[in-house]
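Q: I have a protein model open and I'd like to go through how its parts pack together. Could we start with whatever term I need first?

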Amino acid sequence: MKIKINKKTILASALLMATAAVQAEDVEVLHWWTSGGEAAALSVLKKDLGNDGVGWVDMPVAGGGGGSAMTTLRARVTSGNSPTAVQMLGYDIQDWAAEGELANLNDIAAANNWDAVIPKALQKFSKYDGNWIAAPVNMHSTNWVWANKKVLDDLGLPQPHSWDDFVAAMQAAKDAGKIGLAHGGQPWQEATMFDGVVLSVGGADFYNKAFVELDEDALTGPQMVEAFKRMETLRSFVDDNFSGRDWNLASSMVINGDAAFQIMGDWAKGEFINAGKVPNEDFLCFRVPGSQGTMAFNADQFAMFKVDSASAQEAQGKMAAAIVAPTFQIAFNQVKGSVPSRTDIDPMQFDACGQKGIADLQYANATGGLVGSMAHGHAQPAAIKNAVFDVVTNHFNGEFGAEEAVEELLNAIDAAK
């Protein structure tokens, strides 16, 4: 018996196989966005890529500062099994680029005009040797305070604008049986508070001298002593169970009305929004009193690791382009709490806190008040950052006082250089 061969069927099958062969693969994404608000923001990118035919293999590693994720990444790369893309901050991106592990995104960047729309301050971390190696998602800032409006209203407290007013408001909340300051006792959280406190004492010029220039007089002088004394004041308004608490649980304490304030980066807004809260109605957002006009920034980016196959490179390119596209930048940052990494986004598409954040960025960028966050790897490389972490958290936990802390800070930085 002869088998009849249908040439049209064979041709159709061959075309289907050829199409499948060049179709974009899944992207495996390592990140630490595991809280409710963060997961909701990340789902925006997953959906955009899914609509473009790219699947998403999720690899979340809990831990708000990203330290655990970086440990996991090192193990993956060492074993020769790098993820497609990794959420990364500041100097960590540069370190991986220096090791030759990151892909070149110049074609994607040129096709989408990244050089013209992404701030130069961000490009410092998105490029290596003039080549694009990461796609910026947003611009966060760390010197924010989040407040439960009902708690303040019930106590007859206006939004504090000076450091003394802020201390008085925390004291009033404490006297009323509330927690003055919600906090999670982890080194990166204490360092995040320290960003805003240092800015509240000496502004952007002092911050840059201390943390960017590593000027000895700034690191050991009276302004830095005052910054550590202010951290001691903040410690007096934290509850006894703060040690080891995740940052989003501290945010929940403010959301639920158990605490009046939290000092945390603007990713905290995502927790409030995810809980159905409305800016200026349910919660307030404002700069750490004394730091108005300045912005300590960090930017979430996806560093793209080298992949071999054409289909994997196609998927990676689609992911990079989708991250910087205006539609994603708006949708993502509306949920996340940060502001777009592009300069051409209409602020009126954001809520009250988002509009404030965009205005603050524009003002700080124009007046020299935009500084890289020490706490989040945009002022110094990891070794020095971690040295600062150790001193700040040890001081916060009472191992030494403010005067000794400045000596410890200088010694730790010198040892880490």
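A: Let us begin with the word axis: an axis here is a line fitted to C-alpha atoms, for helices over the stretch in contact, and angles run from 0 to 180 degrees between N-to-C directions. Please keep in mind as we go that this is a predicted model.

Q: Okay, so how do the axes of helix 18 and helix 19 cross?

A: Helix 18, which covers residues 382-396, and helix 19, which covers residues 402-416, have axes that come within 9 Å and cross at roughly 160°. Angles over 145 degrees count as roughly antiparallel, and therefore helix 18 is roughly antiparallel to helix 19. The crossing of helix 18 past helix 19 is right-handed.

Q: And which residues in helix 18 and helix 19 meet?

A: From helix 18 the contact uses Ala-383, Ile-384, Ala-387, Val-388, Val-391 and His-395, and these meet a set in helix 19 that includes Ala-402, Glu-408, Leu-409 and Ile-413. Sorted by kind, the residues of this contact of helix 18 with helix 19 are 11 nonpolar, 1 polar and 1 charged.

Q: What about helix 10 and helix 18, at what angle do their axes cross?

A: The axes of helix 10 and helix 18 cross at roughly 90° and come within 9 Å, so these two helices are roughly perpendicular to each other. On the helix 10 side the residues are Pro-187, Trp-188, Glu-190, Ala-191, Met-193 and Phe-194, while helix 18 brings Phe-389, Val-392, Thr-393 and Phe-396. The contact of helix 10 with helix 18 divides into 8 nonpolar residues, 1 polar and 1 charged.

Q: Switching to sheets, in what order do strands 14, 7, 12 and 15 sit?

A: These 4 strands form an open sheet in the order 14-7-12-15, and the pairing is mixed. The edges are strand 14 (339-340) and strand 15 (370-372), each of which pairs on one side only. Strand 12, residues 295-298, pairs with strand 15 in the parallel sense over 3 bridges, and within strand 15 the bridge partner of Ala-296 is Val-371. Helix 10 (residues 187-212) packs on this sheet, where it touches strand 12 and strand 15, and its direction makes about 105° with that of strand 15.

Q: There's another sheet, with strands 8 to 11; which strands are at its edges?

A: That one is also an open sheet of 4 strands with mixed pairing, in the order 9-10-8-11, and its edge strands are strand 9 (179-181) and strand 11 (283-287). On average, with direction ignored, neighbouring strands of this sheet are turned by 20° against each other. Inside the sheet, strand 8 (residues 144-148) and strand 10 (residues 259-263) pair in the antiparallel sense over 3 bridges, and Trp-146 stands opposite Gln-262 in strand 10.

Q: Back to helices, are helix 9 and helix 12 roughly parallel or antiparallel?

A: Helix 9 (residues 163-175) and helix 12 (residues 222-235) pack at an angle of about 20°, with their axes 11 Å apart, and that makes helix 9 roughly parallel to helix 12. Their crossing is left-handed.

Q: Last one: what domains does the assignment give?

A: The domain assignment gives domain 1, made of 2-139 + 299-351, and domain 2, made of 141-297 + 356-416. Their C-alpha centres lie 31 Å apart, and the contact takes 26 residues from domain 1 and 24 residues from domain 2.

Terms used: Residues numbered from 1 in each chain as written. Predicted model: local features only at pLDDT ≥ 70, side-chain atom pairs only at ≥ 80, totals over all residues. Heavy atoms only, no water. Parallel < 35°, antiparallel > 145°, perpendicular 65-115°, else oblique. Left-handed = near helix turned anticlockwise from the far one by under 90°. Contact = heavy atoms within 4.5 Å. Nonpolar A, V, L, I, M, F, W, Y, C, P; charged D, E, K, R; others polar. Pairing = 2+ DSSP bridges. Domains from an automatic or database assignment.
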